[in-house]
Each structure stands twice: as C-alpha cells, then as structure tokens.
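Trainee: I would like to learn how to read a protein model step by step, beginning with one residue and working outwards. Could you take me through this one?

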Amino acid sequence: TQSTWGYEVVNMLINLFTKGVMKKTSNKQRFMNEFGTEEEKGSDDFRIGLQVAGKNIKLYSPFSNSDIIIASPLGLRTITGAKGDQTREFSFLSSIEVLIMDRAHAFFMQNWQNIEEILPVVNQIPKHKDCLLYTSPSPRDRQKSRMPSSA
C-alpha cells in the first residue's frame, strides 16, 4: 500500500541523512509509534513533512515549512479538499520543485479523483493575501532569493 511505501521512504531518508552529516532526527519516536505498526503501515491516509535544517532532520514539520513532503494521494486530499470546499488548503503546494509519483499504478487502485483534485492546485499562487511564501535558495544558487517579487 501507499503507507507502507511512505514508511519505507521516510526510513530510507532518515538512514541516508543520518549516515552523512545529519546528527539528529527530531520526532523519530513519534513516527515509529504512529507508523511502526503493521496496521498503520497499511493505511492509505499517509502524510508527513520533513524539514532539513543544519545537521538536523525534523519529522512532522508543517507542510508550509517542509523541504520534503511524503504523502499518499488520499493523505494530501484530506488537507487540500475538493474544488468548492470552503476550508480548502493548498498553499503549501505552491512552491513544489519536484513532484514524484512513485508506484503510480497503485493510484488506480485508490480513488483516481484524489489525483485529479490535487494536481491542478500544485504551483498555484495562494489566494490569501496574508500568505507570504518564502523558500530558501537552492544550493546551486545561494545568492538569489526566491521571495516572490509581489511580496
């Protein structure tokens, strides 16, 4: 299932980061408690944000502050809602640089409408005026800010 995949990817990233220069993983015990059981690994409602800061990786960072978001389509859809929903939230998807849909064949076994509702809002400009987006410059371009010129 998607959650098993998500669990495996998060563990792979933790191992990858902590073998190199990363020294600390925040909220790892919470992650193991919530997704370490076979029942939770099988959930299709998987979502987690990861933030990399200095030599630390933080699990469960708010999506708006996350460097990496790992989620099943259903996991994202429970946040982004559907077209017309008043409580719809997708501003955190406005600065996606890379979108990987691994094991996409499994999405067909879930509700394909989740994908159809999520993809159109990726990289949309947020609608609320109080939303100020800032993403740090990429390593290849440390001199330029990616702060929107309209901010």
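Trainee: Leaving aside its neighbours within four places in sequence, which residues is V10 in contact with?

Mentor: Please keep in mind from the start that this is a predicted model. A contact here means heavy atoms within 4.5 Å, and once the neighbours up to four places away in sequence are set aside, what remains for V10 is a list of five names. Those partners of V10 are F31, F46, I48, L59 and I70.

Trainee: Which elements give two or more residues to the largest nonpolar core, and which of them gives the largest share?

Mentor: The largest nonpolar core has 16 residues, and V10, F31, F46, I48, L50, L59 and I70 are those with the most contacts inside it. Two or more residues come from each of α1 (2–19), α2 (28–35), β2 (47–53) and β3 (56–59). The largest share of this core, seven residues, is given by α1.

Trainee: How many residues are in the second, separate core?

Mentor: This core is separate from the one we have just discussed, and among its members are F63, L76, F90 and F92. One of these, L76, is also among the buried residues of helix α4 (residues 73–80), together with P73, G75, R77 and T80. The number of residues in this second core is eight.

Trainee: How is the aromatic pair of Y7 and F31 arranged, stacked or edge-to-face?

Mentor: In general, a pair of aromatic rings is described by the distance of the centres and the angle of the planes. For Y7 and F31, the centres are 5.4 Å apart and the planes are 15 degrees apart. Since planes under 30 degrees apart count as stacked, the pair of Y7 and F31 is stacked.

Trainee: Where do Y7 and F31 lie, and how many residues apart are they?

Mentor: Both residues are buried, and their pair links distant parts of the chain. Y7 belongs to helix α1 and F31 to helix α2, and the separation between them is 24 residues.

Trainee: Why does the pair of F35 and F46 tie together parts that are apart in sequence?

Mentor: F35 and F46 form an edge-to-face pair, with 4.7 Å from centre to centre and 65 degrees between the planes. F35 is buried at a relative accessible area of 7%, and F46 is buried as well, at 0%. Because F35 lies in helix α2 while F46 lies in the loop between α3 (38–41) and β2, the parts that their pair ties together are 11 residues apart in sequence.

Trainee: How many aromatic pairs does a search of the whole structure find, and which residues form one aromatic cluster?

Mentor: The search finds four aromatic pairs, including the stacked pair of Y7 and F31 and the edge-to-face pair of F35 and F46. The residues that form one aromatic cluster are Y7, F31, F35 and F46.

Trainee: In what order do the strands form the open sheet, and which are the edge strands?

Mentor: The sheet is made by four strands in the order β1-β3-β2-β4, and its pairing is mixed. Within it, β2 and β3 pair in the antiparallel sense over four bridges, and V52 stands opposite I57 in β3. The strands that pair on one side only, and are therefore the edge strands under the rule that pairing needs at least two bridges, are β1 (24–26) and β4 (68–71).

Trainee: Is T25 buried or exposed, and which residues does T25 touch?

Mentor: T25 lies in strand β1. Its relative accessibility is 18%, and since buried means under 20%, T25 counts as buried. Not counting residues up to four places away in sequence, the residues that T25 touches are I14, T18, I57 and L59.

Trainee: What pattern does the protein chain follow when read along the sequence?

Mentor: The secondary structure comes to five helices and four strands, and buried residues make up 35% of the 151 residues in the chain. Read along the sequence, the pattern is α-β-α-α-β-β-β-α-α.

Note on methods: Residues numbered from 1 in each chain as written. Predicted model: local features only at pLDDT ≥ 70, side-chain atom pairs only at ≥ 80, totals over all residues. Heavy atoms only, no water. Core = buried A, V, L, I, M, F, W, Y, C linked by side-chain atoms within 4.5 Å. Buried < 20%, exposed > 50% of the residue type's maximum accessible area, 1.4 Å probe, protein only. Phe/Tyr/Trp six-rings, centres within 6.5 Å; stacked < 30°, edge-to-face > 60°.
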